[in-house]
Amino acid sequence: MDPRPDENPTDHVKRLLHEAFDSQIPNFASYNLVAGTGIAGSGGLKVIGYRRQPAELVLAPITSSDLSASEAAITINNTNVVQLALLNDGGYEVATSTGRVFRFAIPDTPSIDVHVDDAVSVGAVIDQEIDARDFADFMDHFMNTIEGTESFV
C-alpha cells in the first residue's frame, strides 16, 4: 500500500500546518497565517497567526517531522509583549514578559518536508510571497501600536 497522501504535496503540507494551528486556537478563523522559520536559539518551524484588531500574534511551534504542534501556541499582544524588533537580516525578534524570546523569518517560499512514514517524505514549496508582505505590514503596525504611535483598534 502506498502511504503517500492522495492530495497535491503543497496542499497536504498546508493542510497539516493549518490543522496544527487550528487545533490550538478556538477562534482560528480570525487569523491570517504564515509559515515562519526559527533562527538563533528559537529554531524550528512555526505557524504564525496574526490579526490587526486587536493587534495580536500567535506563535505555534511545529514538529518538523510530522508538522504537528510541538508545544502549546503562544499568544502575544499588548498585555505580554516586551519587545518587537525587525532584525538586520529581515527577520523578527519578539520577547514576552515571561522571558520567552522568539527570532524568526518569514520566507517568501519556504520549503517544507513532512515524513509520512520511515521510508516516505513529502516535500513542498509554499508560495507565501503576498502573505509575507502582508505580515511585514502587520509587524510595522504592531510595532507602532506597542510604541504608542498607533491605536490597538
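A salt bridge is taken here as a side-chain nitrogen of Lys or Arg within 4 Å of a carboxyl oxygen of Asp or Glu. In this predicted model, the side chains of R15 and E19 meet that criterion, with N and O 2.8 Å apart. The chain contains two helices and nine strands, and the points below treat its overall form, its nonpolar cores, its aromatic pairs and its salt bridges.

**Overall form**

- Along the sequence, the secondary structure elements follow the pattern α-β-β-β-β-β-β-β-β-β-α.
- The chain has a radius of gyration of 16 Å, which agrees with the value near 15 Å for a compact globule of 153 residues.
- The C-alpha trace spans about 60 × 30 × 30 Å along its principal axes.
- Buried residues make up 41% of the 153 residues of the chain.
- Among contacts with a separation of 6 or more, 48% are between residues 24 or more positions apart.

**Helix α2**

- Helix α2 covers residues 129–147 and has 19 residues.
- The distance from its first C-alpha to its last is 27 Å, close to the 27 Å expected at 1.5 Å a residue.
- The buried residues of α2 are A132, F135, F138, M139, H141, F142, M143 and T145.

**Nonpolar cores**

- In soluble globular proteins, nonpolar side chains tend to be buried together.
- The largest nonpolar core of this model has 21 residues, and those with the most contacts inside it are L57, I76, F104, F135 and M139.
- At least two residues of this core come from each of β2 (44–52), β3, β4, β5 (81–86), β6, β7 and α2.
- Helix α2 provides the largest share of the core, six residues.
- Beyond its neighbours within four places in sequence, L57 is in contact with I48, G49, Y50, I74, T75, I76, V94, F135, F138, M139 and F142.
- A second core, separate from the largest one, has 19 residues, including Y31, L45, V122 and A124.

**Aromatic pairs**

- The model has eight aromatic pairs, counted for rings whose centres lie within 6.5 Å.
- Y92 and F104 form a tilted pair, because their ring centres are 5.9 Å apart and their planes stand at 35 degrees.
- This pair links distant parts of the chain, with Y92 in strand β6 (residues 92–96) and F104 in strand β7 (residues 101–105), twelve residues apart.
- Both Y92 and F104 are buried.
- F138 and F142 form a stacked pair, because their ring centres are 5.4 Å apart and their planes stand at 25 degrees.
- Within helix α2, F138 and F142 are four residues apart, about one turn of the helix.
- F138 is buried, as is F142.
- Ring pairs join Y50, Y92, F104, F135, F138 and F142 into a cluster.

**Salt bridges**

- The structure holds six salt bridges, among them R15 with E19, R100 with E71 and E129 with R133.
- R15 and E19 both belong to helix α1 (residues 9–22), where they lie four residues apart, about one turn of the helix.
- R15 counts as partly exposed at 33% relative accessibility, and E19 counts as partly exposed at 42%.
- In the bridge between R100 and E71, the closest N and O atoms are 3.1 Å apart.
- R100 lies in the loop between β6 and β7, and E71 in the loop between β3 (55–61) and β4 (74–76), so their bridge ties together parts that are 29 residues apart in sequence.
- R100 is partly exposed, with a relative accessibility of 32%, and E71 is partly exposed, with a relative accessibility of 34%.
- The side chains of E129 and R133 meet at 3.3 Å, N to O.
- E129 and R133 are four residues apart in helix α2, so about one helical turn separates them.
- With a relative accessible area of 38%, E129 is partly exposed, and R133 is partly exposed with a relative accessible area of 47%.

Terms used: Residues are numbered from 1 along each chain as its sequence is written. This is a predicted model: local features need pLDDT of at least 70, side-chain atom pairs count only at pLDDT 80 or more; totals for chains, interfaces and linings use all residues. Side-chain values use heavy atoms; hydrogens and water are left out. Rings of Phe, Tyr and Trp (its six-membered ring) pair if their centres lie within 6.5 Å; planes under 30 degrees apart count as stacked, over 60 as edge-to-face and the rest as tilted. Buried means under 20% relative accessible area, exposed over 50%, partly exposed in between (1.4 Å probe, protein chains only). The expected span of a helix is 1.5 Å times one less than its number of residues. A nonpolar core is a set of buried Ala, Val, Leu, Ile, Met, Phe, Trp, Tyr and Cys residues joined through side-chain atoms within 4.5 Å. Contact means heavy atoms within 4.5 Å. The radius of gyration is taken over C-alpha atoms; the globule rule is 2.2 Å times the number of residues to the power 0.38.
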